[in-house]
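Hi,

Here is the structure I promised to pass on to you. Have a look at it first, and then read my notes below.

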Amino acid sequence: MWRRVVSLSPVISSSKSSLLNQAAYRFRIWESFATEIINPGKCGISPMEKTPFITFVLGGPGSGKGTQCIKIADTFGFMHLSAGDLLRTEIASNSEDGAMILNTIKEGKIVPSEVTVKLIQREIESSDCHKFLIDGFPRTEENRIAFEKIMGVEPKIVLFFDCPEEEMVKRVLGRNEGRVDDNIDTMKKRLNVFTALSLPVINYYEKKGKLYTINAVGSVDEIFEKVRPVFAECEEMTQ
Ligand code: UP5
Ligand code: MG
């Protein structure tokens, strides 16, 4: 299990390091104490031996993120964490945030960062795996900054499924899985939010040289053949 141990924070000097650096430093300190007492995870090595390998999977609503993540997870041994699914599970479990999350999703708006990051953090820290696909997050610059601050890690790579709007609308309206946001009114709002708030995140990672853009038009298998080389290329990094 990978755990960032906040209680070790007194070892941090009062330097001008950013919060991100502090968290990463705390993590390295914790690693040096913890590798001997944690059993190796099922991904083959002890996840305590390295920082989690985080991949963000971005793209508009219906661009095929979830479908491709299932294939990537199966083929390359990643744990798939869909931010939308984690939020829907919160709604279904009648948690205290459930009603707020449901209303936000119905409106196609973005759930407050601290709620979503907390759910992702819980999954990562309780997992035996050290390779994660975070599907549909971060959706805003604020999400991105909150994740980096709270988790103390950045993604190694970012996938962007680039899909025309008319194709996304066709896929979402044809899904028929009873999602409260799969209707034309909410879909229009989701697309607007994607353009206004999520594209800047994608541009940010492009500038950092971490972005892999995949043309998301074609069959599921054709698209996966475009995704495969990205992970084949970085397989060594993830071992
Ligand atoms: N399909 C997939 N690939 C296809 C292909 N190549 N050809 C033809 N059909 C294809 O695919 C959508 C549909 O298309 C499916 O029926 C599939 O079979 C078919 P899917 O893989 O589900 O696409 P995906 O990109 O995952 O679409 P999804 O609707 O899940 O994307 P969203 O990003 O909109 O949804 P998500 O669940 O991530 O978020 C929902 C809401 O939660 C958000 O709008 C927001 O309100 C909230 N949210 C937050 O506030 N914060 C977060 O961090 C995350 C979510
Ligand atoms: Mg999805």
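**Helix packing, cores and a loop residue**

Helix H2 passes helix H9 in a right-handed crossing. Please keep in mind that this is a predicted model. The axes of H2 (residues 65-76) and H9 (residues 220-233) come within 10 Å and cross at roughly 50°. Since an angle from 35 to 65 degrees counts as oblique, H2 is therefore oblique to H9. On the H2 side, the contact is made by Thr67, Gln68, Lys71, Ile72, Thr75 and Phe76. H9 brings Val220, Asp221, Ile223, Phe224, Val227, Arg228, Phe231 and Ala232. By type, the residues of this contact are eight nonpolar, three polar and three charged.

Now to the interior. The largest nonpolar core has 30 residues, and those with the most contacts inside it are Ile54, Phe56, Ile120, Ile124, Ile134, Phe137 and Phe147. Among the elements that each supply at least two residues of this core are strand E1 (53-59), strand E3 (131-135), helix H6 (141-151) and helix H8 (184-207). Helix H5 gives the largest share, five residues. There is also a second, separate core of 25 residues, which includes Phe76, Phe78, Met168 and Met187. Phe76 of H2 is also part of the contact with H9.

One last spot to look at is Asn183, in the loop between helix H7 (165-173) and H8. Asn183 has a relative accessible area of 29%, so this residue is partly exposed. Its C-alpha atom is separated by 6.3 Å from that of Leu173, and the two residues are 10 apart along the chain.

Best wishes

Note on methods
Residues numbered from 1 in each chain as written. Chains lettered and ligands numbered in written order. Predicted model: local features only at pLDDT ≥ 70, side-chain atom pairs only at ≥ 80, totals over all residues. Heavy atoms only, no water. Axes fitted to C-alpha atoms, helices over the stretch in contact; angles between N-to-C directions. Helix = DSSP H or I, 4+ residues; strand = E, 2+ residues; numbered from the N terminus. Parallel < 35°, antiparallel > 145°, perpendicular 65-115°, else oblique. Left-handed = near helix turned anticlockwise from the far one by under 90°. Contact = heavy atoms within 4.5 Å. Nonpolar A, V, L, I, M, F, W, Y, C, P; charged D, E, K, R; others polar. Core = buried A, V, L, I, M, F, W, Y, C linked by side-chain atoms within 4.5 Å. Buried < 20%, exposed > 50% of the residue type's maximum accessible area, 1.4 Å probe, protein only.
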